[in-house]
Amino acid sequence: MNDSLHKDKERSVRKGAESSGKTGGALFVRAAPIVTSKAWLGLVPFFVFIFAFMIIPAGSLLIGAFQRNDGHFSLVNFSKLFRPNIISSYMVTIRLSFVTALGGGLFGFFIAYAICLGGLPKGIRSFMSTFSGVASNFAGVPLAFAFISTLGRMGLVTVFLRTALGIDIYEGGFNLYGFWGLAVTYIYFQIPLMVLIIQPALDNMKKEWREASENLGASSLQYWLHIGIPVLLPSLLAAFILLFGNAFGAYATAFSLTGGLINIVPILIGAQIRGDVLHDPNLGYALALGMVFIMTLAILAYSWLQRIASRWMK
Amino acid sequence: MGFIELHEITKSFANNTVVKNLSLSVEEGKFLSFLGGSGCGKTTTLRMIAGFETPTSGRILIEGKDVSRVPPARRNLGMVFQNYALFPNMTVRKNIAFGLKIAKVPAQEMHARVDEMLALIHMENYGDRYPHQLSGGQQQRVALARAIAVRPKALLLDEPLSALDAKIRVQLRDDIRNIQQELGITTIYVTHDQEEAMSISDQIAVMRNGGIEQVGTPFDIYNTPATSYVASFIGTLNLLEGYVVDAALGKVDLNGTTVRTVSDLRGFEGKKIRLTVRPEALSVARQDDAGSASDVNNITGTAERVKFLGSTVRFVMKFGETYMFMDRFNSSQLVLPKKGDSIRVSFAIDACRLLPEGDAIAMPGSGVSDEMIQ
Amino acid sequence: MKNGGATRKAMSWFWLIIGLLYFFIPLLSTFLFSLKGKKGVLSFVAYQHVFADPKFLQSFLFSLQMSVYTIIVGLVLIVPTAILINLKIPKAKPVIELFSLMPFVIPPVVLAFGLIKFYANPPLALVSSPALLVAGYVVISFPYIYRSVDTGLTSMDLKVLTEAAQSLGAGWLSILFKVILPNLRTALLSATFLTFATVIGELTLAVLLAWPAFGPYMAHVGRDLAYEPAALAILSFMMTWGSISLIQFLSRGIPGAKSEIGGLH
């Protein structure tokens, strides 16, 4: 096997030398389309890098996940994944990702629709695009601070609601450092991300489709039911999965908002790395593997749904 | 009373008036085309009839009822768009059935009607295809079937052929006309292509600057254009400048040659005027009528080049500083002049029309610049 | 129709205004909060405290340095790859696009974990070197860089341009430096600012690999102080705004050059 590979390489090298000999003159070789095998060589640095710093390290977690602390093969880490607190942290993370992807997705879709097709003045769209770019990148520590200043116990909106309107949101059960607080904060970057990713799909909606359906007697609702939503569905699904993953892997915002106290998977993995609590790296590997597994499932589910939803495309 | 009537329709967007005071009546079962260049208001007028735009002022009547404020979904008109606008997520069958489904036509009747439509457009085997699997011409056929499946009161077509190849364009326009005749449906058609308009329509409304220049049959529009714009927009025109030498007898001096016209030239004594002659009205003069015949004019030019247009051959000549076209039927017996040959052409005195000075023209067929003959 | 259009427009304004409120109320509150450093009056005292802290400048400069390395390594690695793929090996495009989805399947926290585990032991003990942090940042920003460069390349008809240059006798180096890169200027600048905006306040990798970067510094301040974090949030919002506005400004008027500015966290 190794041998034959080697031979192949030799042959192709020789072939390369022959062809350059035939065309003669280095100048010609340079200008002629490069032999594909040579072009592939140009991709080597990139692939080496990606493998060295992404694929292999992530893959090493896979091996670690199947090992006991003493290095022996074991499935014990996976059985640990079924402990109630870990199951619940997966559930919370999935619920958080789902809620913020759905909420941010819907909200972002309405805003994107308003600025793309809503007949608003032109300047608004470019302003909102720029702003969405900023807001979707405005995450992590500063975003957490912004929400603490707004909806924390001393936050301006919290204080305003209490003093001016007599509504105490914390009495009412809201807690910025809990599930819904985190959800509201995540939605802050989910909305603009949705606005950015759904715009191209909305731009592809032809106004004649709406006109043709009106002309054939359909109401606005019927247009959306029969044409608008089915046409947008593949893009909406893609956007939803993207938003889901975006929330699912988010660490920085949750970490700086709750100081690592909320029970979501990224925080749990972070804790395993930092050795804060019950330092058990192999459990950490299994947790990480669980995350990759769920994201892979999400992508697979997405591509399956996508295939169904986009039967009518190429 | 017309089947569709427009009464002094005006449409303005912001500070731009696109359609001005336009009135028109279309009889039941007729095929009328709006013909004009871009920005003349033809599409806006059609969209007002369809209900996608609301007139700023004026009324639109269909079967005598004012529909100016009726939403498009309640007008029961079929519309075909330039870019087909088929619903991409539906098969051909479902596209055609869409309007019937909305109208809650019973399933059995709906299927029968869709089959009937597929047969009408000769696409029986394409029912389960999606729009992206069809060619442009096929998509437009389906769009046509979708529009007429609901049995609309009238059919509106907005430049339906302009996105298609020349060959399919010609074929499909005949199909549209045949289907229109078969169903006897009142049809309004928007186009910028004069040949298309003339071949397909009962009536043509030539539009310019948001108004109608002339309404008439293709025959009238071509042979007795009401304005210089219509004359120059439709077909090709030779434009000749000259001076009136005898107003009473209608004599005009063109570059040293005196020609006669049947136009009333009183009031133009000694003035510069413009005459027009269609290229097909010119013929090669016979040797014996050396200017003596009372009802023909003869002028002599030099041959520049010959253009083959298929069934006709266009001789491009230079008369003084003016280029002129003469069209002749193509035949193998035709003797083609060489560049620089002198050609003597004649035309009937009633073939030339007077163009008042300053009257707008669309696009001269010849005469003004030699760009046209390149 | 007139009615439908009016309703649609009213709904559009409604959603737009709700959206703007959602975006701007936190910003406004944060700004006002940041001015309350001195009791009873509005002042910029919190900002003064921020700037007076030597660790602010140290950590910021550290992150700035890391972002410069990330940008250099990222561009050197990805630009030639993207050009090669667009020009010579379109077959490899789906592979690269699959890889550009990977950072999404492997969130930063998992990536950090993998890097720590794999590079902890002697043959490859990189954990204590900032090179590992930069490598992680390159992985994180790879999708953005790749997509900006790819958009830039597809919008300029690379094949025709290189063939034209070849027919005029240009060699590969002069094609790269005189034809492709100048036309890619906007895409490269977009990628640069986007990477900067991502790396400068990055927390996950920095905190897990234990580097004194700007992100961990901000998180630390947030634990101990009240008004200074708000001031930091405003400052970093302005920084992000500046970077993104520059991208938008630069890619103005270039057909098809819609810059990739979505952030994934």
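**Note on a predicted three-chain model: domains, interfaces and helix packing**

1. In the domain assignment of chain B there are two parts, domain 1 (4–232) and domain 2 (236–373). Please keep in mind throughout that the model is predicted. Taken over C-alpha atoms, the centres of domain 1 of chain B and domain 2 of chain B lie 39 Å apart.

2. Chain B also offers a salt bridge that can be looked up in the structure, since the side chains of B:Asp175 and B:Arg141 meet there at 2.9 Å, N to O. This pair links distant parts of the chain, with B:Asp175 sitting in helix α5 (residues 166–183) of chain B and B:Arg141 in helix α4 (residues 136–149) of chain B, 34 residues apart. Side chains of opposite charge can pair when their charged atoms come close. Over all chains, the structure holds 18 salt bridges.

3. Chain C is described by twelve helices and zero strands, and reading along its sequence gives the pattern α-α-α-α-α-α-α-α-α-α-α-α. The C-alpha trace of chain C spans about 75 × 75 × 30 Å along its principal axes.

4. The division of chain C is into domain 1 (1–34) and domain 2 (44–250), and 32 Å separate the C-alpha centres of these two domains. Where they touch, five residues of domain 1 of chain C are in contact with nine residues of domain 2 of chain C. The area buried between the two is about 650 Å², of which carbon and sulfur atoms give 82%. On the side of domain 1 of chain C, the residues C:Leu27, C:Phe33 and C:Ser34 supply 66% of the area buried against domain 2, which is more than any other three residues. The count of salt bridges between domain 1 of chain C and domain 2 of chain C is zero.

5. Chain A, too, is divided, here into domain 1 (2–65) and domain 2 (79–309), and their contact takes four residues from domain 1 of chain A and five residues from domain 2 of chain A. About 410 Å² is buried between these domains of chain A, with carbon and sulfur atoms giving 81% of that area. Within domain 1 of chain A, the residues that lose the most area to domain 2 are A:Leu61, A:Gly64 and A:Ala65, which together make up 82% of what that side buries. Between domain 1 of chain A and domain 2 of chain A, the count of salt bridges is zero.

6. How many residues does each chain bring to the contact between chain C and chain A? The contact takes 85 residues from chain C and 94 residues from chain A, and the area buried between these chains is about 8000 Å², of which carbon and sulfur atoms give 80%. Between chain C and chain A the count of salt bridges is zero.

7. One place to examine between these chains is where helix α4 (residues 44–65) of chain A meets helix α5 (residues 108–118) of chain C, for their axes come within 8 Å and cross at roughly 80°. Angles of 65 to 115 degrees count as roughly perpendicular, and α4(A) and α5(C) are therefore roughly perpendicular to each other.

8. The residues that meet in this helix pair can be listed from both sides: α4(A) brings A:Phe53, A:Met54, A:Ile56, A:Pro57, A:Ser60, A:Leu61 and A:Gly64, while α5(C) brings C:Val110, C:Leu111, C:Phe113, C:Gly114, C:Leu115, C:Lys117 and C:Phe118. Sorted by class, the contact of α4(A) with α5(C) has ten nonpolar, three polar and one charged residues. A:Leu61 and A:Gly64 thus deserve a second look, as they take part in this helix contact and are also among the residues of domain 1 of chain A that lose the most area to domain 2 of chain A.

Conventions: Residues are numbered from 1 along each chain as its sequence is written. Chains are lettered from A and ligands numbered from 1 in the order in which they are written. This is a predicted model: local features need pLDDT of at least 70, side-chain atom pairs count only at pLDDT 80 or more; totals for chains, interfaces and linings use all residues. Side-chain values use heavy atoms; hydrogens and water are left out. Domain bounds come from an automatic or database domain assignment. Axes are lines fitted to C-alpha atoms, for helices over the stretch in contact, and angles run from 0 to 180 degrees between N-to-C directions. Helices (H or I, at least four residues) and strands (E, at least two) are DSSP runs, numbered from the N terminus. Angles under 35 degrees count as roughly parallel, over 145 as roughly antiparallel, 65 to 115 as roughly perpendicular and the rest as oblique. Contact means heavy atoms within 4.5 Å. Ala, Val, Leu, Ile, Met, Phe, Trp, Tyr, Cys and Pro count as nonpolar, Asp, Glu, Lys and Arg as charged, and the others, Gly among them, as polar. Buried area is the accessible area (1.4 Å probe) that two parts lose on being put together, summed over both. A salt bridge is a side-chain nitrogen of Lys or Arg within 4 Å of a carboxyl oxygen of Asp or Glu.
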